[in-house]
Amino acid sequence: MASVIALGLGALSPAAQAAGTTIRAVMHSGLRVLDPIITTAHITRNHGYMIYDTLLSMDANYKPQPQMAEYKISDDALTYTLTLRDGLLWHDGTPVTAEDCVASIKRWAQRDTGGQMMMDYTESLTAADPKTIVLKLKKPFAPVLDMLAKPSSVVPFMMPKRIAETPAMESITDQMGSGPFRFVKEEFQPGVKVVYEKFDKYIPRKEAPSWTAGGKQVFVDRVEWVNMPDAQTALNALGSGEIDYIESPPVDLLPIAEGNPDIKKLAWNPLYSQTMGRMNFLNPPFDNVKIRRAALIAMSQNDTLAAVSGNPEYYKACPSMYGCGVPLETAAGAPKSFATGDVKAAQALLKEAGYDGTPIVILQPTDVVTVSPQPVVAAQALRNAGFKVTLQPMDWQTVVIRRASQAPIAEGGWHMFFTNWIGAEVWTPLVNPMLNGRGKKGGFFGWMEDPELDKMRDAFAGAKTLEEQKALATKIQERAYDEVAYVPLGTYTVPALHRTSISGILTGPAPVFWNMKKAN
């Protein structure tokens, strides 16, 4: 660990002196996977927001706004025309074209749960000329703008056509965007350090920034992400001024930081995050719904949240798969014991299901404070219920890669992993990846196949009022709990820490670095 930290910090000074104003940040994880379309990992999404841009973006009022393009909708709501604004350039200086964007949308839509549904409604998606994108629908699909503006994993980032034509199941190898920062390939150290430089030819919108929408003004020359797995080391570096920002510090260290006048605390995420467990529907015994239900009721949200946060000020039990405090919040279908778990009921159900003692393989990340405790707590709860459990330790980026495997257990497969979602990633049945029932044909890791659930989501997409949406969302959640689409384990928040020399940090569904300023 010490050598990794030394490598990260030791490379800072000469580059920083040459680059002018530099913000140095410790993010929640090291970055290895660079393709924000093939993974929902937040660190890869964060990377995407640095170097890519989107046609539309979401503001703080949850409204889609023009970003790279303006839009018009035909009177019959079947044709969406998006016109690229002037001055858009890729980082190599070539113009962004409508063909680039068409290819990007098509690749994104193969991997995103809402994008998949949008394309089910699509008759054609074409470039009418170099600046005009035309989306024609077979029948109205009201969430089109919401899908193109969706603010978190998987984001419809625009890429050059030659890159966007990479098969959706393969990772891109070229990091060419048109966003406010440029990826510095020659300084990239996977899992250790990432460097971004201001893209001088980027032309921000004139509107004030709001969430991921508005003007993306860059006021620094350079941003460096340095991985520090040891939280105390990162906090010491923040206190001494070696770094400027920590995205996700452990809650138990916040009182130490609060006593330092040079450090501020900021709740950048206005919506709580949801932590959850996802089972693999392909590998026995979780292909048996009764066994999935036994695992569901064995787990306790309170125990999980206490391990993740340790301070009730920053977490709360929540039965809603859409998160709490959002329009579609509901407790429908949730076990009455969702907050505490029910070991005796789990034991009885597991016996009834005929569990044969197959060891449950749980992927256990060890280097990210907000996803390391969940597997340990869940493993004990499952053991108490009668499961045999094997924890397989690894770093988070290995989990991100490993969870994509559909292999059987004997060939490196898995039974369960845990992750977290920003509220805006789960707040409707259309964007919540775990409610996708397409199985191996585009479903989220775990590959639940449930055509009936997808029919219900399709009905939700056609709902015309909030009341209709709420009624359908309630039925969807009831079915999702019955099938155990996943295990919601409560909501929490972790404020970021930053030096007082840093200002202009935006709140929103992802940590972004435009609008930030650093005083000398």
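Here is a short friendly exchange about backbone geometry in this predicted model.

Student: Which residue does a cis peptide bond join to Ser153, and where is that partner found?

Tutor: Good place to begin, since most peptide bonds are trans. The bond in question has omega at about -10° and leads from Ser153 to Val154. Val154 is found in the loop between helix H6 (144-148) and helix H7 (161-164).

Student: What is omega for the peptide bond from Pro284 to Pro285?

Tutor: Let's place the bond before giving the angle. Pro285 is found in the loop that runs between strand E13 (273-279) and helix H10 (289-298). The peptide bond from Pro284 to Pro285 is cis, with omega near 10°.

Student: Is Tyr62, with its positive phi, buried, partly exposed or exposed?

Tutor: Tyr62 has a phi of about 65° although it is not a glycine, and the residue is found in the loop between strand E2 (56-58) and strand E3 (64-66). Buried means under 20% relative accessible area and exposed means over 50%. Tyr62 has 38% relative accessibility, so the residue counts as partly exposed.

Student: And Trp447, is that residue buried or exposed?

Tutor: Start with the backbone: phi of Trp447 is near 55°, a positive value in a residue other than glycine. Most residues other than glycine have a negative phi. Trp447 lies in the loop between strand E17 (416-422) and helix H15 (451-461). The relative accessibility of Trp447 is 6%, and the cut-off for buried is under 20%, so Trp447 counts as buried.

Technical notes
Residues are numbered from 1 along each chain as its sequence is written. This is a predicted model: local features need pLDDT of at least 70, side-chain atom pairs count only at pLDDT 80 or more; totals for chains, interfaces and linings use all residues. Side-chain values use heavy atoms; hydrogens and water are left out. Helices (H or I, at least four residues) and strands (E, at least two) are DSSP runs, numbered from the N terminus. Buried means under 20% relative accessible area, exposed over 50%, partly exposed in between (1.4 Å probe, protein chains only).
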